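Colleague: I'm new to reading protein models, so could we go through this one together? I'd like to ask about its hollows first and its helices after that.

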Amino acid sequence: MLDQLKEGLRNAIKKLIYSDVVDEQAIKEFVHDIQRSLLQSDVNVKIVLEITSKIEKEALKSDIPVGLSKRDYIINLLFNELVKILGTESKVEFPRNKCNIILLVGIQGSGKTTFASKLGKYFLREGYQVGVVCADTFRPGAFEQLKTMCERGKIDLFEKSEEKNATKIAIEGKKFFEQNKNIVIIDTAGRHKEEKELIREMKEIDTVLNPQMVLLVIDGTIGQQSFAQAKAFHEATSIGGIVITKLDGAAKGGGAIAAAASTQAKILFISTGEGIDDIEKFVSERFVSRLLGLGDIKAILERVKQAEIEPDEPRARRIMAGKMTIDDLYDQLMKLKKFGSMRKLLDLIPGMPDVDKSINMDELEGRLEKWRFVIQSMTKEERQDPDILNASRIRRIARGSGVDEKEVKEMIKQYNNMKIVMKRTKGKFLRGFIR
Ligand code: GDP
Ligand code: MG
């Protein structure tokens, strides 16, 4: 989903994380990279400049909250600004003791029919009784398309292909399902080319059917042009929500979402493919987290604070210079432990979202746990200078910690490797965490 935008934003973040210093130039470059990716995704220039100048201004300030690295702070700024332009989450819930009508509107080809079945399946999963009504009397084959998809999703469908009046079908469909369904989704034709006509028809069916919710379906590939549709719709209805479709592959999807959100209309769902399960409730925080590839960045910041990782400058400098002692390693292991699982930690490290696929986390966690015991069984001398570890010392440590001698040797080998890697990369990989 939104691959290009995702890649652009992630690259900007990666660059920031791996930069040697976070100075004015690095910040300006970061802001510039963000601008470019947002503009490429067709986000409105005004919005882009607004958020990036805010990020730049805040990032250049010198008073960073205690316990945060400048990098974390800047990434958090970006996260907050993106969430802000996308708006807050709104609930999609209906009373289950009555029949709720949901009317889908939108111009032809925007994805209404496809979405009708997706939404049906979504509500079925939520435990509602769902019926779908085909009120598209205009497009030949409209019924077959909806029928195929509803069969796939095991959703009940009402149709009346001989009837040519859409409003009539909608009313009959409502009556048909009224007694035994609590959600009825009505798919309309939407043969309009422009907003005015669309809104006019929507108002007409709205008056007759009195639906609980009207959803405007917008094709995400139109980018910031979605502004006009969303705005007209937002002004015409108070019970509406917006659905943005075709976000898979749409280069302009980011722009479509940002533009729609900037009208204050509520984006309730997004659609990311032609399949019946390619529907997602729109939660801006989750959406931005995924876009940035940060796992849940809120969690990272909270946990950094919780873990109270005290800045320990001499230690950090020692590790980054490749002079880590076993004591330092132990200290790092204990800090990792405070974060809970290793998998979570890796998920939380910005710029490392793909690592966990290649590593068996449970194995790694078990390993680190053993290492902790091994280190605890070492003398102070040995921890300071592991080179003195000979066969008999290793035997003693193995017995004391209850692990294999092989494992003790393996730990020492890994420790030596780590020292080399740290020296070579100047500790970049762990920098934000060790400080
Ligand atoms: P309607 O005219 O508004 O009912 O639109 P349709 O539901 O018939 O969809 C128009 C076309 O867009 C169809 O070919 C759908 O398969 C396709 N489509 C709908 N939603 C998505 C989506 O989220 N992603 C992709 N790639 N295609 C979609
Ligand atoms: Mg249709």
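Colleague: Which residues line the second largest cavity, and which helices each supply at least two of them?
Modeller: Keep in mind that we're looking at a predicted model. The lining is made up of Leu5, Leu38, Val43, Leu82, Ile85, Leu86, Gly254, Ile257, Ala258, Phe287, Val288 and Leu291. The helices that each give at least two residues to that lining are H4, helix H10 (253-262) and H11.

Colleague: How does that lining split by class, and how many of its residues are charged?
Modeller: Gly counts as polar in this scheme, and Gly254 is one of the lining residues. The split is eleven nonpolar and one polar, and the number of charged residues is zero: no charged residues.

Colleague: What volume does the second largest cavity have, and how many cavities of 30 Å³ or more are there?
Modeller: Its volume is about 90 Å³. As for cavities of 30 Å³ or more, the count is two.

Colleague: You mentioned H4 and H11. At what angle do they cross, and what do we call that?
Modeller: Two packed helices are described by the angle between their axes and the distance between the axes. Here H4 (residues 70-86) and H11 (residues 284-292) have axes that come within 9 Å and cross at roughly 135°. An angle has to be over 145 degrees to count as roughly antiparallel, so the word for H4 relative to H11 is oblique.

Colleague: Which residues of H4 and H11 make the contact, and how many of them are nonpolar?
Modeller: From H4 come Leu78, Phe79, Leu82, Val83 and Leu86, while H11 brings Ser284, Glu285, Phe287, Val288, Ser289 and Leu292. Sorted by class, the contact of H4 with H11 has one charged residue, two polar ones and, to answer you, eight nonpolar.

Colleague: Let's move to the pockets. Which helix gives the most to the lining of the second largest pocket?
Modeller: That pocket has a volume of about 510 Å³. Of its 24 lining residues, the closest to its centre are Lys84, Ile85, Ala261, Ser262 and Gln264. Helix H3 (45-60), H4 and H10 each supply at least two lining residues. The biggest giver, with five residues, is H3.

Colleague: And how many residues of that pocket's lining are charged?
Modeller: The lining of the second largest pocket includes ten nonpolar and seven polar residues. The charged ones in this lining come to seven.

Colleague: Back to helix pairs, then. How are H8 and H9 arranged relative to each other?
Modeller: H8 (residues 195-209) and H9 (residues 226-236) have axes 10 Å apart and pack at an angle of about 30°. Angles under 35 degrees get the parallel label, so H8 and H9 are roughly parallel.

Colleague: Which residues of H9 touch H8?
Modeller: On the H8 side, the contact uses Glu195, Ile199, Met202 and Lys203. On the H9 side, the residues are Ala228, Gln229, Ala232, Phe233 and Ala236.

Colleague: One last pair: what is the angle between H5 and H6, and which hand does their crossing have?
Modeller: The axes of H5 (residues 112-125) and H6 (residues 142-153) come within 9 Å and cross at roughly 25°. The two helices are therefore roughly parallel to each other. As for the hand, H5 passes H6 in a crossing that is right-handed.

Key. Residues numbered from 1 in each chain as written. Chains lettered and ligands numbered in written order. Predicted model: local features only at pLDDT ≥ 70, side-chain atom pairs only at ≥ 80, totals over all residues. Heavy atoms only, no water. Axes fitted to C-alpha atoms, helices over the stretch in contact; angles between N-to-C directions. Helix = DSSP H or I, 4+ residues; strand = E, 2+ residues; numbered from the N terminus. Parallel < 35°, antiparallel > 145°, perpendicular 65-115°, else oblique. Contact = heavy atoms within 4.5 Å. 1 Å grid on protein atoms, 1.4 Å probe; cavity = no way out; pocket = protein on both sides within 12 Å on 5 of 7 lines; lining within 4 Å. Points joined across faces, edges and corners; volume = space filled by probe spheres on them. Left-handed = near helix turned anticlockwise from the far one by under 90°.
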